[in-house]
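This report covers cavities, nonpolar cores and salt bridges, in that order. Keep the structure open while reading.

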Amino acid sequence: MPNSPRAKSACSRGDGDAHVHTCQGGSKNVYFEAVRKYPAVSSSPGTLSVTGDFQRLAAAIPRLLAGTPRLALDPFPRGQILYLFRYFAFTRAGSMVDADYHLNGNNVSRRSDSAVEMADLNKPHSLSSDSPHIEEPFVGAHNAKKYKVEWSEPDHGVLNDPLITDVSSWLKHQKQKTKYDWKTSDWWDVATVVLPMLRWVRRYNIRQNLLVDIVAGISVGAMVVPQGMSYARLAGLPDVYGLYGAFVPVLIYAGLGSSPQLAVGPVAVTSLLLGTGLKDLISSEVQSDPNNPANPEAQMEYNMAAIQVALLAGCMYTAVGLLRLGWITNFLSHSVICGFMTGASVIIGLSQVKFLFGYSQYTIPSKTGNPKDAKKVTFPRHDPIQEQLHDLLGPEWTPYFHWREFIMGGAFIVILLSMKYVGKRFPRRLGYLRSLGPVTVTVLGIAIVNIFNLQCPSSDKNKVCAKTIRVVGNIPKGLPGCTIGWWSPIPQVGKKLGYAIIICLIDVLESISIAKALALKNRYQINPTQELRGLGVANLFGAAFNCYTTTGSFSRSAVMDSSGAKSQLAGIVSAIVVMFVLLFLTPVFKNMPQNVLGAIVISAIVSLFNYSEWFFLWKINKFDWLVFNAAWLGVMFAGVEIGLAISIGLSVVIVLYKTGFPHHARLGRLPGTTVYRNLKQYPEAMEQEGMLLVRIDSPIYFANVAPIREAFDKYQKRAEAQMAAKGGKLLFIIVDLSPVTDIDASAVHFLMEWVRNLKANSIQPVFSNPARQVVRLFEAARLPQVIGEEFMSVRMHDAVIYCQELMVEGQDSYKLSRITEGVETVEDHRKEAHKLAGQTYIGPPV
């Protein structure tokens with residue numbers, strides 16, 4: 001009903017000089033007819049009638065597009081349709097709105113995502129109610145100040161440097177955020193910042209969680225008592241130091257930590273690092289039996305060094321947490337950590353074999369029979385695997401092999417591994433066996449020694465223990481004493497600080513990774529900054545009460561989680577269990593066999609030997625595989641410190657190699673899209689004749705300028721040769737800068753020189769999609785004035801189309817294969833352009 005009153009009322013008169021009539025009829029298609037300087041056509045529902053010249057028609061089209069999802073354009077020639085719709089860009093509030101118009105015949109459809117395939121024009125489309133208001137179009141599709149990059153006059157002051165402005169804006173944001181947080185906080189919020197445990201105490205469900213937490217805490221406490229003693233001996237400290245480390249730091253972390261299931265205390269890797277490093281920091285000889293040292297003063301010096309390293313590590317922990325510097329651990333890659341743990345597990349395991357062989361400490365009777373002439377034999381401490389194997393299997397020590405110790409220790413290892421496997425295999429019914437393993441072998445060992453009277457006390461220094469079992473001996477009874485007086489002075493502070501840094505990095509990465517894994521499994525969030533602060537303060541308090549460095553434990557955290565712990569109340573219960581042992585049960589462990597300690601450590605570190613990662617990295621990434629091998633082989637054969645340094649150094653070298661020789665690619669357009677991809681990855685992608693499209697996949701700085709220059713020259717020579725073979729010429733080199741997040745002064749000098757050389761050879765460079773940081777540096781160097789602001793594009797496709805426009809206008813001397821989505825040749829476009837201008841087309845330029 002074209003002449004109905006309802007249809008007429010839907011028509012509205014346009015504004016301005018364009019003389020636009022729009023009619024909102026029931027049809028979803030809007031037809032408009034206009035030819036340059038033709039008279040107006042009568043309006044009807046769904047019809048747009050335009051009078052005036054071609055420029056007014058162009059000015060009227062955006063108003064129509066704002067509310068029209070699909071247009072049918074008749075009888076406009078395709079050249080005019082392309083000219084009008086192909087490169088229209090609109091802004092709203094100064095920001096770019098990306099809108100593509102796909103042409104199929106004389107139908108144009110609008111889409112918002114240029115990476116999607118062409119929409120089906122036969123299906124009706126709809127615009128959302130919140131479609132942006134479209135203002136007047138740009139005069140020219142490639143106006144640099146509107147369409148591509150908003151240029152500003154650069155300020156070369158020091159305070160306007162991009163890095164300084166970014167840092168200052170971040171500091172300003174943090175200041176405003178802190179002010180807002182304090183203004184909106186009450187006394188309870190302040191209290192939870194000081195003591196984070198108040199958050200879970202306030203909402204703690206006693207009926208549902210109390211019994212579960214108590215059971216989990218008892219399980220972890222029963223596990224950590226023998227484990228802590230074993231780890232303390234691994235660190236070269238008295239066994240009771242392991243109990244101290246499972247008591248004081250656990251209580252502090254329970255009040256300050258954010259992970260409900262993280263079990264804090266002594267761990268094998270930290271103990272190994274201390275055991276291998278502290279021997280070089282004391283002037284006296286390391287004692288083989290820390291519980292009953294032959295030189296108590298030397299052992300006291302060793303103990304003080306361990307406490308001072310714990311103090312330094314705790315200070316760094318706390319500083320990293322307060323300054324939010326946890327990102328430092330990113331420099332320790334996954335391959336480095338896995339390789340280090342694998343190598344360390346071998347070193348730790350071999351260091352405990354001496355307890356299974358009975359090589360710990362004993363005396364050789366004198367040939368004269370005089371006890372005073374007896375020679376004390378001490379098994380040396382070594383890091384590299386070859387030295388350990390030489391001592392374990394060499395002729396000097398094999399005559400003193402104790403088969404009773406070996407059978408007992410081997411049986412305990414089998415029991416521990418079996419209980420761990422069964423508990424892991426059946427977590428619901430028999431999961432408690434994982435935590436009962438260490439307690440079981442401890443009880444069995446003490447019972448066997450006492451029943452058969454097999455003990456050979458370490459205090460009997462002149463007694464030959466060839467047919468008996470070496471036991472732990474006396475363990476001090478009572479709570480830890482205050483060791484703040486040991487904090488100063490700190491001799492060799494530089495070396496101790498170095499070991500503290502290594503321990504802090506390893507412990508931070510280990511604890512945070514465990515806490516994140518538990519949070520992911522139990523579906524809650526942790527606060528890494530709070531975690532680091534809690535661990536730091538826990539180590540500081542531990543250093544004040546006879547504790548060496550502590551962190552999160554893999555095995556005990558797994559037991560704590562499998563036992564169903566819901567809060568750090570389980571950690572408090574485990575600390576109470578340890579306190580009870582310190583106050584009342586230390587005499588029970590006097591006849592605990594040393595091979596039990598060795599068996600507990602060996603069974604605990606089996607899971608650290610990550611052999612599956614070797615095969616995984618070999619399949620995934622050969623560089624990471626090399627780092628993994630460097631880490632675990634270096635730790636095993638060169639020692640802990642050297643192996644870790646080698647692997648980290650190799651990681652840095654690989655990073656420098658990847659950034660110094662960045663990936664680059666030659667691009668082509670995927671058929672039927674405006675997407676440009678690597679020609680090697682997508683062979684079907686089409687190269688654009690007359691143009692070279694390249695992409696650099698990294699920041700550009702002084703170290704990779706030379707390789708990028710060589711890549712540009714290689715691509716340019718290859719493209720010129722290919723186009724010369726076809727009778728063409730290279731006119732444009734378009735560089736996709738979207739992966740380039742930053743450049744430095746060397747890169748700016750290189751690009752300026754490169755641009756000038758290309759222009760001298762009649763080749764126009766074009767930069768596509770530069771990042772904000774890159775644009776600001778370009779402005780400071782005035783590169784837009786050199787290259788031309790119109791040759792800085794927001795998208796690769798915009799740059800390609802603009803270069804094609806320039807070639808179509810007569811700047812090229814060859815024929816393009818395609819201009820649009822593969823349906824229009826350059827000859828068609830030239831004919832329509834001449835017809836639009838009222839000129840006679842006489843053929844291509846010569």
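What volume does the largest cavity have? The largest cavity has a volume of about 270 Å³. The model is a predicted one, and the structure holds ten cavities of 30 Å³ or more.

**The largest cavity**

The lining of this cavity counts 24 residues. Closest to the centre are Leu-234, Ser-351, Lys-354, Arg-381 and His-382. Four elements give two or more residues to the lining: α8 (206–234), α11 (268–277), α13 (334–357) and α14 (385–393). Helix α13 has the largest share, six residues. By residue class, the lining divides into nine nonpolar, ten polar and five charged residues.

**Nonpolar cores**

In soluble globular proteins, nonpolar side chains tend to be buried together. Here the largest nonpolar core has 113 residues. Which residues have the most contacts inside it? They are Tyr-241, Phe-340, Tyr-548 and Met-592. The largest share of this core comes from α13, with 13 residues. Helix α13 also gives the largest share of the lining of the largest cavity.

A second core of 50 residues is separate from this one. Leu-692, Leu-693, Phe-767 and Ile-787 are among its members.

Met-592 deserves a closer look. Leaving aside neighbours within four places in sequence, Met-592 is in contact with Pro-226, Met-229, Thr-442, Ile-446, Arg-470, Val-471, Val-472, Leu-597 and Ile-600.

One of those partners, Thr-442, sits in helix α17 (residues 433–452). Is Thr-442 buried or exposed? Its relative accessible area is 5%, so Thr-442 counts as buried, the cut-off being under 20%. With neighbours within four places in sequence again left aside, Thr-442 is in contact with Pro-226, Phe-589, Met-592, Val-596 and Ile-600. Pro-226 and Ile-600 are also on the contact list of Met-592.

**Salt bridges**

How many salt bridges does the count come to? The count comes to five. Three of them are set out here, each with its N to O distance.

| Pair | Closest N to O |
|---|---|
| Arg-666 and Glu-687 | 2.8 Å |
| Arg-695 and Asp-697 | 2.7 Å |
| Arg-795 and Asp-798 | 2.9 Å |

Take the pair of Arg-666 and Glu-687, which meet at 2.8 Å. This pair links distant parts of the chain, 21 residues apart. Arg-666 lies in strand β16 (residues 664–669). Glu-687 lies in the loop between β17 (676–678) and β18 (691–696). Arg-666 has 9% relative accessibility, so this residue counts as buried. Glu-687 has 38%, so this one counts as partly exposed.

Next comes the pair of Asp-697 and Arg-695. Arg-695 counts as buried, because its relative accessibility is 16%. Asp-697 counts as partly exposed, because its relative accessibility is 27%.

What of Asp-798 and Arg-795, buried or exposed? Asp-798 is at 5% relative accessibility and counts as buried. Arg-795 has a relative accessible area of 17% and is buried too. The cut-off for buried is under 20%, so both residues of this bridge fall below it.

Notes:
Residues numbered from 1 in each chain as written. Predicted model: local features only at pLDDT ≥ 70, side-chain atom pairs only at ≥ 80, totals over all residues. Heavy atoms only, no water. Salt bridge = Lys/Arg side-chain N within 4 Å of Asp/Glu carboxyl O. Buried < 20%, exposed > 50% of the residue type's maximum accessible area, 1.4 Å probe, protein only. 1 Å grid on protein atoms, 1.4 Å probe; cavity = no way out; pocket = protein on both sides within 12 Å on 5 of 7 lines; lining within 4 Å. Points joined across faces, edges and corners; volume = space filled by probe spheres on them. Nonpolar A, V, L, I, M, F, W, Y, C, P; charged D, E, K, R; others polar. Contact = heavy atoms within 4.5 Å. Core = buried A, V, L, I, M, F, W, Y, C linked by side-chain atoms within 4.5 Å.
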